[in-house]
Amino acid sequence: MQPQRYLGKPPARSRRKWLRMLAPLGTILLLIALWQLIVSLELISPILLPSPGAVASALSNALADGSLLKHASTTLEEMLFGLCIGVSFGLALGYSIAKAPLLESLLSPLIVAFQSTPIVAYAPLLVIWFGTGLTGKIVTTAIIVFFPTLVNTIAGIRGLEPSLTDLFRSLRASRWQTFRHLELPAALPIILAGLKTSSTLAVIGAVVGEFVSARYGLGALVIAARSRYDTPLVIVSALTMTTLALALYSLVAYIEWRILAWRRRPRT
Amino acid sequence: MSKLLAIVIIGLLLVPSAAVAQDQPLDERILLTFVPNVQFAPFYMGIEAGYFEEAGFAVSLEHLQEPEVLDLVAVGQANYGVVSGEQVILARSQDRDVVYAFEWFQQYPVGLVYDSALNLSDLGDLRGKIVGIPGRFGASYSGLTALLHNANLTEADIELTEIGFNAPEVFCLGLVDAAVVYINNEPLQIQQLADAGDCGDVQAVAVTSVASQVDLVSNGLIISRALLDDDSAAVQRLVSSFAEALRATIDNPAAAYLASLAYVESLQRDDSLLKALESAAEAQSDFLSELPSRADLAASRADLADQLKSRFDAQTLSQFIILLNTIELWDADQLGISDMASWQAMHDTLQRMGFLGASPVVLGDAFSNQFIVAAE
């Protein structure tokens, strides 16, 4: 006789897993249905809210003529470069500040003041300082992703259990050994959480830069579409920004899942 | 019986309130672009000098981006807005039924600024030059396209670069050879930087205006088709009152500057300047009672500018000079009127830019001169 689990319905645990995986899709479909209903009932003018069909048509056209790919790849390029630069600076400065409280006293007023100013306020200046090409947008992105990485790196390094630090000291571990085998593994979950936040902010940095001046990029596409009263294309651009941010977030989440696999292994 | 009495009492109560309601000014918001600025002085004058109120309106002003202004008017969330002419054509090509009812700027305000040493008297010499533009959209882009077309050039003949609204800084850093600007404002800023020695080697700037090459329809007052059909009498009152406020601004810029103080925080409030403007406004009122000609009025503005320049530095006077420069773009024998040729020129420019789809835009529906009261 076959064991019960191989007969009839799949086990409840497997069904729940599938349901959880399909739930976001259900939410999206529900939103689209609601959107279509609002348009069909003419609750909002189609000038302000075009139908899902009109947006799908704009998406299809923008994909077919290659313009969406061109704009999206420019924004992605700015996001990735900005993320790399901003995160590198955030990690380096965050680690230094965590280890040297004097540095924090020196720099924190400057960093907090810089971070608390909305990036749109100084984005036009960045264009003047760094030129109207890619550099200005990359710098804007780097600045916006820098702070979450910095804060989480400081928190991660400072959150180490003192007993572990004492243990490494008593074992006469070198600075590199302490970093490699204690500080980095212990701080990684918090640093990666910051990186996830940064990855979603990267698109904001890139698009703010493009809003100031750009020929290509999703921000430039929004402005161009808006100035031609092509609202469906504006929505396509915005959805593409969301997709890029989600993709980058998912990538970082996957990296986190792989790197932190050791935390999921049962301790023997 | 008691019901009848109640109806009579309610009726008697409603009669005076209805009469009061007719006397109450109608709340009306006008959507403007950009930010509060002395270039919107006719609207401030309309409120402060009571032109709108006399016409039965309590006007409030809001500033938005051009596409938002146009969409809100198109869907009836606002009755009046100010946008540039090309926006009306573009919007109508996308099913926004708005009507351009008053051409506020009689001359297109965009032009090309460059170092006068560059000697670009022939626009054909632009070939190969780096030209800065806020972006490939809006009045700047339309104006440049028209200029290039007029010089038998295309965008491919120049190196066009997006610089945002940073023309003075980018130009003075030498990042571009020429920049597309609003001619009433930015050339003045660049010249001030040059005078202060902060604009590289540039000593003096030169400007080629789009208006000197081609007549394109410019900024004006828009309304929705629904409002035009439902209450053209109200539109007539508002448009006429705006025309009066505009004429008052052109005729007495010192008074208009003073009216703008309540709306534009960045205006210079130097005591001695305000006193000078107050006395100038008073003297101009007396002069207006002599019914001067348009040429006399232009001369009086020039005289006032010269007098003030001899007393105040360029920085203190800059916003007033911007107002005077802008007045030159508004002034005409007949305010508000727009002609088919300028609409056609703009339409052709947009078509050349590839901004219009296959479905034709009926230009005759895009504007109306029915609210323009003939000048005496």
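**A walk through the sheet, the chain contact and a helix pair**

Let's start inside chain B of this predicted model, where strand S3 (residues 80-83) of chain B and strand S10 (residues 220-224) of chain B run antiparallel and pair over 4 bridges. If you want one pair of residues to look for, take Gly81(B), whose bridge partner in S10(B) is Ile222(B).

Two helices of chain B can be placed against the sheet from here. Helix H4 (residues 66-74) of chain B packs on the sheet and touches strand S1 (26-32), S3, S4 and S10 of chain B. The direction of H4(B) makes about 150 degrees with that of S3(B). Helix H10 (residues 232-251) of chain B also packs on the sheet, with contacts to S1, S2, S3, S4 and S10 of chain B. For H10(B), the angle is about 35 degrees with the direction of S4(B).

Now step back to the whole sheet. It is an open sheet of 5 strands in chain B, in the order S2-S1-S3-S10-S4, and its pairing is mixed. Which strands stand at the edges? They are S2 (57-63) and S4 (98-103) of chain B; each has a single partner strand, so one side of each is left without a neighbour in the sheet. From one strand to the next, the twist averages 30 degrees.

Strand S4(B) deserves a second look. S4(B) and S10(B) pair in the antiparallel sense over 5 bridges, and the bridge partner of Tyr100(B) in S10(B) is Ile222(B), the residue that also partners Gly81(B). Is S4(B) enclosed or open to its surroundings? Since 6 of the 6 residues of S4(B) are buried, the strand is largely enclosed by the rest of the structure.

Next comes the contact between the chains. Here 20 residues of chain B are in contact with 18 residues of chain A. On the chain B side, H4, helix H5 (85-93), strand S7 (159-162) and helix H7 (167-172) each supply at least two residues. H4(B), met earlier as a helix packed on the sheet, gives the most to this side, with 3 residues. By class, the chain B side has 9 nonpolar, 6 polar and 5 charged residues.

Finally, cross over to chain A. The axes of helix H6 (residues 134-158) of chain A and helix H8 (residues 175-212) of chain A come within 7 Å and cross at roughly 160 degrees. H6(A) and H8(A) are therefore roughly antiparallel to each other, and their crossing is right-handed. The contact of H6(A) with H8(A) has 17 nonpolar, 12 polar and 3 charged residues.

Terms used
Residues are numbered from 1 along each chain as its sequence is written. Chains are lettered from A and ligands numbered from 1 in the order in which they are written. This is a predicted model: local features need pLDDT of at least 70, side-chain atom pairs count only at pLDDT 80 or more; totals for chains, interfaces and linings use all residues. Two strands pair if DSSP finds at least two bridges between them. Axes are lines fitted to C-alpha atoms, for helices over the stretch in contact, and angles run from 0 to 180 degrees between N-to-C directions. Two residues are in contact if their C-beta atoms, placed from the backbone, lie within 7 Å. Ala, Val, Leu, Ile, Met, Phe, Trp, Tyr, Cys and Pro count as nonpolar, Asp, Glu, Lys and Arg as charged, and the others, Gly among them, as polar. Angles under 35 degrees count as roughly parallel, over 145 as roughly antiparallel, 65 to 115 as roughly perpendicular and the rest as oblique. A crossing is left-handed if the near helix is turned anticlockwise from the far one by less than a right angle, and right-handed if clockwise. A residue is buried if 20 or more other C-beta atoms lie within 10 Å of its own, exposed if 12 or fewer, and partly exposed in between; C-beta atoms are placed from the backbone.
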